[in-house]
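Below are some questions and answers about one protein chain. Look at the structure first, then work through them in turn.

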Amino acid sequence: MICDNLTVSNGRLLFAGQDTVELARQYGTPLYLMDEDRIRANCQVYTEAFRRHFGPGARPLYASKANSFQRIYEIMREEGMGIDVVSSGEIYTALRAGYDLGQAYFHSNNKTDEDIRYSMDHGIGYFVADNVEEIKAIEAEAARRGIKQRVLLRLTPGIDPHTYEAIATGKVDSKFGSAIETGQAEEITLFTLRQPHVELVGFHCHVGSQVFAEDVFERAAVIMLEFAAHMEKAHGYQTRQLDLGGGYGVRYVECDPVLDVDAKVAQVAAAAKGACARLGIALPEIHMEPGRSIVGDAGLTLYTVGTVKEIPGYKNYVSVDGGMPDNPRFALYGASYTCLLANKLDQPAEFPCSVVGRCCESGDIIQEHVLLPGSVGRGDLLAVCTTGAYNYSMASNYNRLPRPPIVMLRGGNESYVAVRRESLEDLCRNDL
């Protein structure tokens, strides 16, 4: 199994120690399952690794965009995690969960004036500012309130992480941030330092998502610290915080490696400390923004099989009662997943097929080149593994389909609804 919270008993798939067939019977399908114990364990791995390798001031920030709903912010609060948010909607959800926004970092390359006002109204801790226009808007709003707002500047270090092109964000040619290579990073730093109502506390970068490469974050740390050293020596500005973004990969399929997060953080810390010693600067307070690696392997989606279509000499299709509205990642990136027939794991997987959804859309594919038992048929239960990140958060009502519920699992025998299943009435709730 690709993750140790997946086991088999009497031919049935267990997730977080619980029988997926029984969970599907109780809650229906499509169904998002989330392993609360795994989420907490992943948070603890990061917080302990940061404390051990970077010191007590360092902390991980949960990247809300990976999966944002009220219960997740309650867990982040309880586990002592900071958060990054990218919209007023994520801020509102965090507030509903009682999260202290003073511990939140507001990202986005295009915050509206309304976003800036709303977040300041609720005591946002930090803006991660992307461009000069945003600094001007933050300065104007902070001046109107008579406050000094803390910000970090998002910079692009010019690193290609060799991940999906759509989620590579650290290259010079990116919609995000100001490039160090072009001199724009220095220009926006000096501009920000001249603003009377903005307090520049440090810098941020994000090199991409689903990163397995050995030295991506180490290289990013060195480039960012070299920039910080230049700012200190040339302009007297000392960087207090350095946020290296997020993006450690998770296992979607067997060929994906298993990452030791503690060891990876230790490598980044060694690179950062070595760079600071060489450059003659103090180590800033280091942050990273794990999202996928907090919730990815804590998620599993269950579907009921409908039609099985065989085209002799061509290919086979297994259709399920969900699809791209609840998991658009194959359509977006060609993302890989592990698919299992949850009620027949004692049968050999020998039937090659594409697992597809129910939408009127030829691109509605969950995974191609899947092997399932030859007896697969209507009413069987299909599980898609590692769906805790960027599934619910990207879900839509395409074809006017209601979004599935999120059911949390904990303690090996307890389950509860964290997000209810949308009803047909919900689909028309805002219609006039």
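Q: In this predicted model, which residue caps the N-terminal end of α4?
A: A side-chain oxygen lies 3.3 Å from the backbone nitrogen of Gly89. The residue that supplies this oxygen, and so caps the N-terminal end of α4 under the 3.5 Å limit for a polar contact, is Ser87.

Q: Which residues of helix α4 are buried?
A: Helix α4 covers residues 88–96. Elements that cover its buried residues include α3 (70–78), β6 (82–85), β7 (104–106) and α5 (113–121). The buried residues of α4 are Ser88, Glu90, Ile91, Thr93 and Ala94.

Q: Which residue with a positive phi follows α4, and what is the angle?
A: The residue that follows α4 is Gly98. The phi of Gly98 is positive, near 80 degrees.

Q: Is Arg71 buried or exposed?
A: Arg71 is found in helix α3. Its relative accessibility is 13%. The cut-off for buried is under 20%, so Arg71 counts as buried.

Q: With which side chain does the side chain of Arg71 make a polar contact?
A: Leaving out residues up to four places away in sequence, Arg71 touches Glu36, Arg40, Glu78, Met408, Arg410, Tyr416 and Ala418. At 3.3 Å, the side chain of Arg71 makes a polar contact with the side chain of Glu36.

Q: Which residue in the turn of the hairpin formed by β1 and β2 has a positive phi?
A: Strand β1 (residues 6–9) and strand β2 (residues 12–15) pair in the antiparallel sense over 4 bridges. Among the bridge partners, Leu6 is matched with Phe15, and Ser9 with Arg12. The hairpin has 2 residues between its strands. In the turn, the residue with a positive phi, about 55 degrees, is Asn10.

Q: Which strands stand at the edges of the sheet?
A: The open sheet has 3 strands in the order β1-β2-β3, with antiparallel pairing. Two of these strands have a single partner strand each, so one side of each is left without a neighbour in the sheet. The edge strands are β1 and β3 (18–19).

Q: Over which residues is the pLDDT below 50?
A: The protein chain averages a pLDDT of 94, and 96% of the residues score at least 70. One stretch has a pLDDT below 50, although it has 34 contacts in the model beyond near neighbours in sequence. Where pLDDT is low, the predicted coordinates should not be read in detail. The stretch is residues 163–171.

How values were computed. Residues are numbered from 1 along each chain as its sequence is written. Side-chain values use heavy atoms; hydrogens and water are left out. Two strands pair if DSSP finds at least two bridges between them. pLDDT is the predictor's confidence in each residue, from 0 to 100. Contact means heavy atoms within 4.5 Å. Buried means under 20% relative accessible area, exposed over 50%, partly exposed in between (1.4 Å probe, protein chains only). A polar contact is a pair of N or O atoms within 3.5 Å; within protein, one must be able to donate a hydrogen and the other to accept it, and residues adjacent in sequence count only if both atoms are side-chain atoms.
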